[in-house]
Amino acid sequence: MLAIPAQELTGELPDPPEFAALSEPTFVSISDILEYKALPEYHEPDWVTSKYVDAGTLPPVAERLPKEPMVYKTGNMPEGIGVYGDTMRHVIGGRPEGWNYIGGQSQGWGGIDIGLSECLTRTGPLFEVKADELEPMPNLAKSWEWSEDGHELTMHLIEGAKWSDGDAFDADDVMFFWNDNVNDPNVTPLNNATPETFGVGTTLEALDPYTIKWTFKDVRPTQYLYAMAYGSFCPGPSHILKPEHPKYKPSNTYEQYKNAFPPEYMNIPVMGAWVPVEYRPDDIIVMRRNPYYWKVDENGNQLPYLNEMHYRLSTWADRDVQAVAGSGDFSNLEQAESYVEALRRSAEDSAPARLQFGARTIGYALEMNLSANGWGEPDERAQRVRELNRNLDFRKAISIAVDRQRLGESLVRGPFTAIYPGGLYAGTAYYDKASTVYYPYNIEAAGALLDGIGLVDTDGNGIRNFPDGGPDVEITVLANTDYGTDTNLAEGVIAQMEPLGIRVIANFQSGTARDDMQQAGQFDWHVRRQGSEMVSVVQGTAQLAPTGPRTSFFHRGGTDGTVDVLPFEQELVDIVNKFISSSDNAERAELMKQYQHIYTENIYTVGLTQYPGALIINKRFANIPAGAPIFMFNWAEDNIIRERVFVPEDKQGDFELHPETLPGKPGGAGPV
Ligand code: BQZ
């Protein structure tokens, strides 16, 4: 068979169906949202004063705050200054592995780690920042300046802030995170906090307890300020973690360090607004207000307004159900199968929750393991599959055997889903349709391509064989059983490969196991919900290409530590590195057009479907920013700035499980 010329396989990418998204945010400057300054007086909930300060077990609030706390400006708060009280009842599908986030443990997602882990900068709320002023917000780093030659970035940490147990936050915490977690090859912090995430050859040093200095190879790589936000630069409590780290406690293994603070360990010190004080397996995590939280409103009220946070340990689908029903308070509606019912219930006047759709920022792709030099220690079968994955004609055949329209409609009918060819999402800042190559559904041409590379059914059992009378082509597909959408789409891919004569076998795993298998490279194919790098580009940028041995989700370093990138991948790496080192917006936009063209022309991943998410929040809450997307630079748990959210007194529920209590001592039994 003559190879079918490429131009016959490409086609016009249909525009996504019109979808009336949510109300647009009011675009502001970062200085409209917050500033750092000393206020003449500070306040706290009355019961904190009467039960703790007056009893002498807690210093007065002014002594618990930094010299210049972060001050949220009233003008940016939709309902203004709030009142104390009530709880936000989250429902999540994950489960806590333990509290050592920087050691690589998940707390179950769903906003727990986002609430605990304060990071050098913050990007979630950037959805409402003017496009021409876009840069990460200050957070633990309150200001920074570049050196004349642009290679050095000096950052000033907030001074006098404390962990929730009263221990000082300072550069020791930052350097422990950087030296003994990010740069210790035996530690794998969560969310891709790897050295190359901050640029190969980048160094960091502490100049004094509140000043750190980055030194970069590139000139003014402002891009790295995004990597200093949540998930990749959120220091942990070094006074608690360091004593368990093998470098300081040689009798400990790295596994023992990672697992030194199991879910039962209560009151882990945090910089976030709430501290875990109760854990009931498969039931609930309860968190109480951090009495040292370093943020206030313009009247000097120490935040958060909400005294308590719940994380019901259930399923992600149940999160939607409970938020719509009113027994839960929050959900990111992201599994399209439940859209119609959620919309119907929320349209009723008596509906307890507001449901607001955003842009199409949820998307799924089929990622093929492209490593042929040992990542994940493949056996002979898996190695053969990887060689196939690295063959463009094979990826083309798989891509044009996928009927994306039908896949999307299998989740939900209506104007929600759109054909997704892979790469940057339509409708986002750096997307350019003209740069996007699309290979429409063409099952006949798919078969011809496979014939052309020698995959034919030599033993007549309906499954194509590897060349020279090899075994049947059998491929496993990894998917996350925590989400019905993940496994439904994977089942759809399995079914659509049958007429092509490729046997795909389900390898469906729960969230933590799935995350571990992906990190370890133990998969052939993976149906994965794409990250913020495909939505914003500036968040998670290092994940856009194998810019280092541990940055890509589907192509990492092999047994010799190097990534055996394909030629087009090297082009993507070069483009991403240029993007990161450029501060010229026109050049960055042009680079992303090149990226999108090379990515989609080479079918770097097989895009499947994309659709909008919807934020569901109980109507009693105030200060929910208009137009908050469930996912853009980060998830809505960060975007809505929960520490400013409050419930007006006349609407407060009686949901607090530990009213008028505060976190106890680290490792202690719970709230006191
Ligand atoms: C949102 C998010 C907050 C992780 C997780 C989970 C993990 C992935 C991803 C989402 C959950 C919710 O997403 O689905 O709506 O609440 O937690 O962190 O899918 O398995 O590893 O990347 O963020």
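Start by selecting E334 and the ligand: a polar atom in the side chain of E334 sits 2.7 Å from one of the ligand's oxygen atoms. Keep in mind that this is a predicted model.

**Around the ligand**

Add E637 to the selection. One of its polar side-chain atoms is 2.5 Å from an oxygen atom of the ligand. Then add R529, where an N or O atom of the side chain lies 3.0 Å from a ligand oxygen. How much of the ligand's accessible area does the protein cover? On its own the ligand has 470 Å² of accessible area, and the protein covers 87% of that.

Next, show the whole shell around the ligand, which holds 14 residues. Those that come nearest are R319, E334, Y483, R529 and E637. Colour the shell by class and you should find six charged, four polar and four nonpolar residues.

Now select residues 316-325, which form α10, and residues 511-520, which form α17. These are the elements that each give two or more residues to the shell.

Zoom out and colour the two domains. Domain 1 takes in 30-356 together with 614-651, while domain 2 runs over 370-611. Why is the ligand said to lie between them? Both domains give residues to the shell around the ligand, so the ligand lies between the two.

**The disulfide**

Leave the ligand and select C119 and C234. These two residues are joined by a disulfide, with an S to S distance of 2.2 Å. A search of the whole structure finds one disulfide. Look along the S-S bond: the angle about it is 85 degrees, and the link is right-handed.

Trace the chain on either side of each cysteine. C119 is in the loop between α5 (112-116) and β4 (121-122), and C234 is in the loop between α7 (224-227) and α8 (238-241). The pair links distant parts of the chain, 115 residues apart. Are these cysteines buried or exposed? Both C119 and C234 are buried.

**Helix α15**

For the last stop, select residues 443-452, which make up helix α15. This helix is mostly covered, with seven of its ten residues buried. Which residues of α15 are buried? They are I443, A445, A446, G447, A448, L449 and L450.

Finish by selecting G454, which follows α15. The phi of G454 is positive, near 85 degrees.

Notes: Residues numbered from 1 in each chain as written. Predicted model: local features only at pLDDT ≥ 70, side-chain atom pairs only at ≥ 80, totals over all residues. Heavy atoms only, no water. Near = heavy atom within 4 Å. Polar contact = N/O pair within 3.5 Å; in protein donor to acceptor, adjacent residues only side chain to side chain. Areas by Shrake-Rupley, 256 points an atom, 1.4 Å probe, with all protein chains shown as cover. Helix = DSSP H or I, 4+ residues; strand = E, 2+ residues; numbered from the N terminus. Nonpolar A, V, L, I, M, F, W, Y, C, P; charged D, E, K, R; others polar. Domains from an automatic or database assignment. Disulfide = S-S within 2.5 Å. Buried < 20%, exposed > 50% of the residue type's maximum accessible area, 1.4 Å probe, protein only.
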